[in-house]
Amino acid sequence: MSVKYYCRHCHTKVGELPHQLTDGYQLGLEDLTEDERNMMIQHKNDGSLYVQTICENCQDTLEKNPHYHELDYFLQ
């Protein structure tokens, strides 16, 4: 099972870990609550885990414009 990380805002691929290097415990996935796991992680038919995260560009934008946190979508 590979783990693929995507930005939850702009959907840019942030990174990928091949199945040989993945361990849910080492990645910290076991530390998430059930609700957090359901919100952030998707199991795909190809056997991969898709994890929603945030990319550097979106993080910078949110830091410069904190009022964007109030919006459902801040990218146009």
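User: In what order do the elements of the chain run from the N terminus on?

Analyst: Let's walk along the chain together. In this predicted model, the elements run β-β-α-α-β-β-α from the N terminus. Counted up, that gives 3 helices and 4 strands.

User: How do strands E1 and E2 pair?

Analyst: For a pair of strands, look at the sense in which they run and at the bridges between them. Here E1 and E2 (residues 13-17) pair in the antiparallel sense, over 4 bridges. One place to look is Lys4, whose bridge partner in E2 is Glu16. The two strands form a hairpin with 5 residues between them, and in this hairpin His11 takes a positive phi near 65°.

User: Where do the side chains of a regular strand point?

Analyst: In a regular strand they alternate between the two faces of the sheet. Keep that idea in mind as we turn to the core.

User: Which residues make up the largest nonpolar core?

Analyst: There are 7 of them: Val3, Tyr5, Leu29, Leu32, Ile41, Leu49 and Val51. Strand E1 (3-7) and strand E4 (49-53) each supply at least two residues of this core. A good residue to click on is Ile41: beyond its neighbours within four places in sequence, Ile41 is in contact with Leu29, Leu32, Leu49, Tyr50 and Val51. Apart from this core lies another, of 5 residues, including Cys7, Cys55, Leu62 and Phe74.

User: What share of the chain counts as buried?

Analyst: Of its 76 residues, 24% count as buried. As for the outside, the accessible surface comes to about 5,900 Å², and carbon and sulfur atoms account for 46% of that.

User: How many disulfides are there?

Analyst: To read this feature, check the distance between cysteine sulfur atoms; the cut-off is 2.5 Å. By that rule the count is 0. Cys7 is in no disulfide, and its nearest cysteine sulfur, that of Cys58, is 3.7 Å away. Cys10 is likewise in no disulfide, with the sulfur of Cys55 as the nearest cysteine sulfur at 3.7 Å.

User: Is Cys7 buried or exposed?

Analyst: Cys7 counts as buried, because its relative accessibility is 1% and the cut-off for buried is under 20%. Cys10 has a relative accessible area of 27%, so Cys10 is partly exposed.

User: What share of the contacts joins residues at least 24 apart?

Analyst: Take the contacts between residues at least 6 apart in sequence: 39% of them join residues at least 24 apart.

Notes:
Residues numbered from 1 in each chain as written. Predicted model: local features only at pLDDT ≥ 70, side-chain atom pairs only at ≥ 80, totals over all residues. Heavy atoms only, no water. Core = buried A, V, L, I, M, F, W, Y, C linked by side-chain atoms within 4.5 Å. Buried < 20%, exposed > 50% of the residue type's maximum accessible area, 1.4 Å probe, protein only. Contact = heavy atoms within 4.5 Å. Pairing = 2+ DSSP bridges. Areas by Shrake-Rupley, 256 points an atom, 1.4 Å probe, with all protein chains shown as cover.
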